[in-house]
Structure formats: structure tokens, C-alpha cells
Amino acid sequence: MDILNSFSLEGKVAWVTGASYGIGFAIACAYAEAGATIVFNDINQELVDKGLASYKEKNIDARGYVCDVTDEEAVNALVKQIEKEVGRINILVNNAGIIKRIPMCEMSSEQFRQVIDVDLNAPFIVSKAVIPSMIELGGGKIINICSMMSELGRETVSAYAAAKGGLKMLTRNIASEYGKYNIQCNGIGPGYIATPQTAPLREKQPDGSRHPFDSFIISKTPAERWGSTDDLKGPAVFLASAASDFVNGHVLYVDGGILAYIGKQPG
Ligand code: NAP
Ligand code: GCO
């Protein structure tokens with residue numbers, strides 16, 4: 001296979017969870033450009049319809065389904081429906097996620113549990129639902145959307161960091177347990193990306209100045225900018241394609257260098 005063809009996703013069915021917009025949407029668009037058939041879900045019909053319209057604007061004939069990824073029964077039913085209506089799933093991206101920014105001692109155990117449920121339990125549920133069919137197909141690709149918080153902590157994101165740290169280890173464990181079936185499970189660890197999820201961290205101040213956290217991230221990023229969802233497309237196609245068939249259990253950080261950098265010196 002020549003090197004460019006090794007990045008092709010022609011003939012593949014890719015399911016990206018929570019992909020009506022944001023990072024999931026960008027990854028799905030990249031997969032469509034690489035030749036894959038796109039399937040996505042979101043938590044309600046309004047979001048699915050919004051996503052379908054967005055994909056249509058890009059001439060992508062995506063299939064959208066309403067499904068809460070924390071609901072194991074709904075996920076198992078959806079996998080059967082996708083296999084019947086579209087085909088068996090070759091590529092799964094566990095993208096759906098939430099964050100609650102609350103100081104830990106002010107966070108209720110229910111709030112903590114909600115984040116763990118979406119960001120960690122759901123990737124377990126969805127991966128478990130698709131792996132048997134991937135084994136029958138002779139292999140597959142699972143990509144878990146991890147985070148800087150798979151490696152680092154910060155104030156107010158205890159649940160999210162615990163979930164994303166766990167997701168890194170779930171990634172490694174799926175790789176370990178199912179690599180013999182030619183299933184590669186890897187993670188993408190986006191840095192700080194401009195999406196609705198991080199909008200509160202970038203809001204302009206009343207005086208028009210930058211949000212303090214915005215300035216902080218610029219000082220912690222060698223690239224001196226926030227990432228865009230476009231920055232994730234190439235790495236996501238690589239991990240979904242034959243080009244990465246011997247890459248397994250790896251978390252590819254797409255962070256502009258944050259994890260390598262102590263931070264800009266003052267002055
Ligand atoms: P986003 O804008 O909040 O989008 C997340 C998507 O997941 C939304 O469509 C959301 O629907 C959906 N979702 C949430 N809970 C769900 C559930 N139970 N079932 C089905 N869908 C659900 O987030 P994003 O910034 O694109 O991030 C996508 C992923 O990347 C997340 O896992 C996030 O943790 C991770 N990440 C983001 C960044 C960043 O800087 N943005 C960096 C590193 C990692 P609703 O609109 O209903 O919430
Ligand atoms: C936060 C941000 C981050 C990003 C991302 C960084 O509040 O610190 O939301 O958690 O979402 O996970 O990689």
C-alpha cells in the first residue's frame with residue numbers, strides 16, 4: 001500500500017459520539033474527506049438535526065441518531081441499528097464529553113458521578129458494544145478523546161481530570177486486551193481548543209480585555225495560541241487509518257507543546 005493510501009478511510013464506517021459540533025464534528029468531517037461513511041449521535045433530536053444540517057452544508061451524508069452514551073441499553077440498541085442501516089463499525093471515536101468546573105470541596109458526589117459517567121463510563125460502554133463486531137471483522141480502530149487533564153490537574157476540574165486520567169488507562173487496557181484481534185485503541189489528547197466547551201475560559205472581560213485564563217493558556221503554550229478543531233483532523237485520520245496499524249495504547253497529545261513547556265518566563 002503506498003503511503004498516501006495508508007491514510008485512506010475509503011469503505012470504512014466511522015461512528016463519532018457527540019459529534020453535532022465541536023471536536024467530534026471536525027473529526028467526522030476529516031474522516032468523511034478521507035472516504036469514511038459517517039455516523040454520529042447526540043443527546044437529543046435538536047442537536048442531531050443541527051448536526052445533520054451542518055454535515056449537509058459540507059456535502060457529507062452523515063447518519064445521525066439520538067443516544068445518551070451513558071445509557072448502556074440505548075447504546076447496544078443503537079449499535080444494532082447502525083449495523084442494520086449503515087454497516088458494521090470499523091472506527092469508533094469516543095468523543096462525547098462534559099466538564100463541570102467546581103472546586104472539589106464544593107462539588108456534590110452526584111456532580112462528580114455525572115462527569116465520570118459521561119467521560120469514562122460511556123467510553124467503556126460504547127467500546128464494549130462495538131468490539132465484538134470489530135473482532136468478527138478482523139480488526140478495528142478505537143480512538144478515545146483524552147485531555148491535558150489525562151496528565152495534569154488544575155483547580156475546579158477534579159471529576160474531569162479523574163475521568164480523563166482513567167480514560168488514558170482504559171485506552172491502554174483496551175489496546176492490551178484486544179490488540180491480538182487487530183484492534184488498535186489509542187487516545188488523542190487535545191490541548192486547549194476553541195469550542196463551546198472552553199468558551200467560558202475565553203470570554204472577553206467587561207473592559208474588553210482577555211479572560212485571565214485565556215492569557216494563562218497563551219503563556220503555557222509554545223505555539224502561543226489556542227488550538228482549533230482543524231488542528232485535530234490530521235492526527236485523528238492517522239489514528240483511524242492503516243498508517244497507524246502498529247500504534248496501540250498511545251495517547252497522541254495535540255497541544256501545541258503545552259506538556260513539554262514550563263511556561264513563558266515573566267517580563
Ligand atoms: P463540546 O463542545 O461540549 O461537545 C461535546 C458533545 O458531546 C456535545 O455535542 C454534547 O452534547 C455531547 N454529549 C455530552 N454528553 C453526552 C451524552 N451523555 N451522550 C451523547 N452526547 C453527549 O465539547 P468539545 O470541546 O467538542 O469536546 C469534545 C471532547 O473533547 C470531549 O470529550 C472533551 O472532554 C474533549 N476535549 C476538549 C478540549 C477542548 O479544549 N475543547 C480539550 C481536550 C479534550 P450537549 O451539547 O448536549 O452537551
Ligand atoms: C479546563 C478545560 C480543559 C480542556 C481540555 C484540555 O477547564 O481546563 O476545559 O479541561 O477542556 O480538557 O485538554
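**Two ligands, one pocket and a cavity**

A backbone N or O atom of Asn95 lies 2.7 Å from an oxygen atom of ligand 1, which makes a good starting point for a tour of the binding region. The structure is a predicted model, in which local features need pLDDT of at least 70 and side-chain atom pairs pLDDT 80 or more, while totals for chains, interfaces and linings use all residues. Residues are numbered from 1 along each chain as written, chains are lettered from A and ligands numbered from 1 in written order, and side-chain values use heavy atoms, without hydrogens or water.

Asn95 is joined by other polar contacts (N or O pairs within 3.5 Å) to ligand 1. The backbone of Ile193 places a polar atom 2.8 Å from an oxygen atom of this ligand, and an N or O atom in the side chain of Asp42 is 2.9 Å from a ligand oxygen. On its own, ligand 1 has 880 Å² of accessible area (Shrake-Rupley, 1.4 Å probe), and the protein covers 90% of that area.

The shell of ligand 1 (residues with a heavy atom within 4 Å) holds 28 residues, with Tyr21, Asn95, Tyr160, Ile193 and Thr195 coming nearest. By class, this shell has 16 nonpolar residues, nine polar ones and three charged ones; here Tyr counts as nonpolar and Gly as polar. At least two shell residues come from each of helix H1 (22-33), strand S2 (37-42) and helix H5 (158-178), as assigned from DSSP runs of at least four residues for helices and at least two for strands.

Around ligand 2 there are 14 residues, and Arg101, Ser147, Arg154, Tyr160 and Tyr192 are the nearest of these. Tyr160 thus appears among the nearest residues of ligand 1 and also among those of ligand 2. An N or O atom of the Tyr160 side chain is 2.7 Å from an oxygen atom of ligand 2. The side chain of Tyr192 likewise has a polar atom 2.7 Å from a ligand 2 oxygen, and for a polar side-chain atom of Gln197 the distance to an oxygen of ligand 2 is 2.8 Å. The protein covers 96% of the 330 Å² of accessible area that ligand 2 has on its own. Eight nonpolar, four polar and two charged residues form the ligand 2 shell.

Ligand 1 sits in the largest pocket, and the space taken by ligand 2 is the largest pocket as well (more than half of a ligand's atoms within 2 Å of grid points). A pocket is an open set on a 1 Å grid with protein on both sides within 12 Å along at least five of seven lines, and its lining has an atom within 4 Å of a point. The volume of the largest pocket, filled by probe spheres on those points, is about 800 Å³. Its lining comprises 38 residues, of which Asn95, Ala96, Gly97, Ile98 and Gln197 lie nearest the centre. H1, S2 and H5 each give at least two lining residues, and H1 has the largest share, with three. The pocket lining divides into 21 nonpolar, twelve polar and five charged residues.

What about enclosed space? A search of the whole structure finds one cavity (a 1.4 Å probe fits but cannot get out) of 30 Å³ or more. The largest cavity has a volume of about 40 Å³. Asn95 and Ala96 are among its lining residues, along with Thr17, Val69, Asn94, Val118, Ala122, Pro123 and Val126. Helix H4 (residues 109-137) gives the most to this lining, four residues. The cavity lining has six nonpolar residues, three polar ones and no charged ones.

Technical notes:
A polar contact is a pair of N or O atoms within 3.5 Å; within protein, one must be able to donate a hydrogen and the other to accept it, and residues adjacent in sequence count only if both atoms are side-chain atoms.
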